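Q: Hi! Could you walk me through this structure in plain words?
A: Happy to; let's bring it up.

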Amino acid sequence: MPSLKDIRKRIASVRNTQQITKAMKMVAAAKLRRAHDAAVESRPYAEKMRELLANLSARVSEDSHPLLVAREEKRIDVVFVTTDRGLCGGYNSNLFRLAENFLRDHPEQEVSFRFVGRKGADFYRRRGRGAMDDSPVTWHLPPEEIAAAAAGRFIGRYLRGESDGAYILYSEFHSALSQKPTVARLLPVAPAKVDEDQHLTEYLLEPSIGDLLSNLLPKSVEVQIYQALLEAVAGEHGARMTAMESATSNASDLISHLTLQMNRARQAAITKELLEVVSTAEALG
Amino acid sequence: MAGDISLRVVTPVRLVLEERVDELTAPGPLGQLGILPDHAALMTTLDIGQLSYKQGGSTSVVTLAGGYAEVLDNVVTVLADAAEFPAEIDTARAENARARAERALEETDPTDEEALAAASAALQRALVRLETAARR
């Protein structure tokens with residue numbers, strides 16, 4: 001049985017930890033609000049972009065722009081979006097499982113990863129495989145810059161024939177409690193299909209359909225990455241909030257358990273002292 | 001005929017503007033692009049410049065850092081990389097950006113077309129911002 005003093009010390013330490021997890025939870029909740037708003041606010045842009053692209057590509061054949069042409073996948077580029085920091089529950093390990101599955105599904109292909117977030121890079125550095133470059137992009141950069149850089153790089157590689165496809169692995173945001181690890185294809189661009197029966201509106205196009213496409217296609221890849229990054233950030237904060245919430249309540253349970261133990265120990269000590277006093281009195285009497 | 005066109009300006013960051021307007025002028029790729037009610041369906045890229053629109057007697061302006069526009073059934077949707085109202089423009093920051101862009105233009109290797117284009121686009125963005133801010 002641990003001594004009274006040990007238990008008191010232990011309770012104090014658990015209480016300290018609980019204060020930290022509680023603070024982290026509140027910080028995550030505030031950040032989640034902001035990240036969630038950002039993801040929602042950018043949605044109209046992304047949706048309209050998809051609509052324009054679907055509309056445009058419906059009136060050209062698939063081979064009218066190199067970014068639309070699919071070829072046999074031998075080399076694939078992948079953006080792997082994880083977090084820089086831990087303490088966010090199963091968020092990253094779910095993503096690692098997704099990435100491992102992705103590698104298993106593409107055994108023949110040469111897969112090169114581009115990491116956003118330290119955790120993914122650390123995971124694959126330990127396994128020594130697949131990295132396009134050593135240093136991950138960290139979240140210190142604003143997401144629009146990360147997206148622009150990644151899109152530019154992948155499109156360049158695709159057009160030069162250095163890769164035959166590009167994917168993004170990230171965590172889709174559903175709610176603070178649930179994030180779904182997702183694979184989405186970036187290249188070749190596959191525009192949403194317009195309903196066949198629906199009458200295609202005749203548009204005037206400026207400057208020309210080719211120019212519009214070569215302008216819109218790279219932009220749409222960038223927007224897709226950007227949107228994914230926003231969702232990933234929101235998911236990270238959501239996951240961290242949930243994890244810290246349960247850590248805080250675990251700490252509460254532990255404290256009440258320890259308090260009970262402490263009271264028992266104190267009671268036992270008192271009883272023992274009483275017994276000693278009584279028996280001494282009897283012996284003297 | 002007040003407000004026959006519904007104008008929506010969206011950027012990746014937010015919905016900037018959603019208004020009924022009488023007419024608007026946008027920076028098209030082939031020059032200024034005026035849009036009146038019942039304009040034919042149109043899809044176009046937009047250059048860096050000012051988008052101005054009239055409501056009743058008053059004209060308002062937003063800066064656009066390039067993008068796309070769709071006109072369909074009197075609904076104009078502008079997808080801009082960035083858009084700002086005159087009141088939102090930080091003149092000091094824009095001035096700095098202009099100085100930086102001018103320096104970049106001078107220092108860039110003239111054979112590097114991509115860098116040159118990026119620098120001149122940055123300069124143009126700064127100039128448009130300053131011009132818009134001056135009208136405030």
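**Chatting through the interface**

A: Let's begin where the chains meet: about 2,100 Å² is buried between chain B and chain A, and carbon and sulfur atoms give 67% of that. Buried area here is the accessible area (1.4 Å probe) that two parts lose on being put together, summed over both. This is a predicted model, in which local features need pLDDT of at least 70 and side-chain atom pairs count only at pLDDT 80 or more, while totals for chains, interfaces and linings use all residues. Residues are numbered from 1 along each chain as its sequence is written, chains are lettered from A and ligands numbered from 1 in the order in which they are written, and side-chain values use heavy atoms, with hydrogens and water left out.

Q: Thanks! How many residues of each chain are in contact there?
A: Chain B brings 24 residues and chain A brings 21, with contact meaning heavy atoms within 4.5 Å.

Q: And how many salt bridges are there across the interface?
A: The rule finds two between chain B and chain A. A salt bridge is a side-chain nitrogen of Lys or Arg within 4 Å of a carboxyl oxygen of Asp or Glu. In general, side chains of opposite charge can pair when their charged atoms come close.

Q: Which residues does Lys48(A) pair with?
A: Across the interface, Lys48(A) meets Glu70(B) at 2.7 Å, N to O. Within chain A, Lys48(A) also forms a salt bridge with Glu51(A), with the closest N and O atoms 3.2 Å apart. Glu51(A) and Lys48(A) are three residues apart in helix H2 (residues 43-57) of chain A, so about one helical turn separates them. Helices (H or I, at least four residues) and strands (E, at least two) are DSSP runs, numbered from the N terminus.

Q: Is Lys48(A) buried or exposed?
A: Lys48(A) is buried, at 11% relative accessible area, whereas Glu51(A) is partly exposed at 42%. Buried means under 20% relative accessible area, exposed over 50%, and partly exposed in between (1.4 Å probe, protein chains only).

Q: Where do Asp81(B) and Lys219(A) lie?
A: Their side chains meet in a salt bridge of 3.1 Å, N to O. Asp81(B) is in the loop between E7 and strand E8 (83-84) of chain B, and Lys219(A) is in helix H6 (residues 209-284) of chain A, so this pair joins two chains. Asp81(B) is partly exposed at 33%, and Lys219(A) is buried at 15%.

Q: Cool. Switching to strands: how do E5(B) and strand E5 of chain A run?
A: They run parallel, and three bridges join E5(B) to strand E5 (residues 204-206) of chain A. Two strands pair if DSSP finds at least two bridges between them. Leu204(A) has Leu42(B) as its bridge partner, and Leu205(A) has Met43(B).

Q: What else does E5(B) pair with?
A: E5(B) pairs in the antiparallel sense with strand E3 (residues 23-28) of chain B over three bridges; there, Thr25(B) is partnered with Ser52(B). With E6(B), E5(B) shares 13 bridges, again antiparallel, and Leu51(B) stands opposite Val62(B).

Q: What's in the turn between E5(B) and E6(B)?
A: The two strands form a hairpin with two residues between them, and Gly56(B) in the turn has a positive phi of about 60 degrees.

Q: How many residues of E5(B) are buried?
A: It's 11 of 14, leaving E5(B) mostly covered.

Q: New topic: what does Phe102(A) touch in chain A?
A: Leaving out residues up to four places away in sequence, Phe102(A) touches Val78(A), Val111(A), Tyr167(A), Leu169(A) and Val183(A). Phe102(A) sits in helix H3 (residues 91-105) of chain A and is buried at 4%. Phe102(A) and Val183(A) are 81 residues apart in sequence, with their C-alpha atoms 8.4 Å apart in space.

Q: And where is Tyr167(A)?
A: Tyr167(A) lies in strand E3 (residues 166-173) of chain A and counts as buried at 11% relative accessibility. Beyond four places away in sequence, the residues Tyr167(A) touches include Phe102(A), Phe154(A) and Val183(A).
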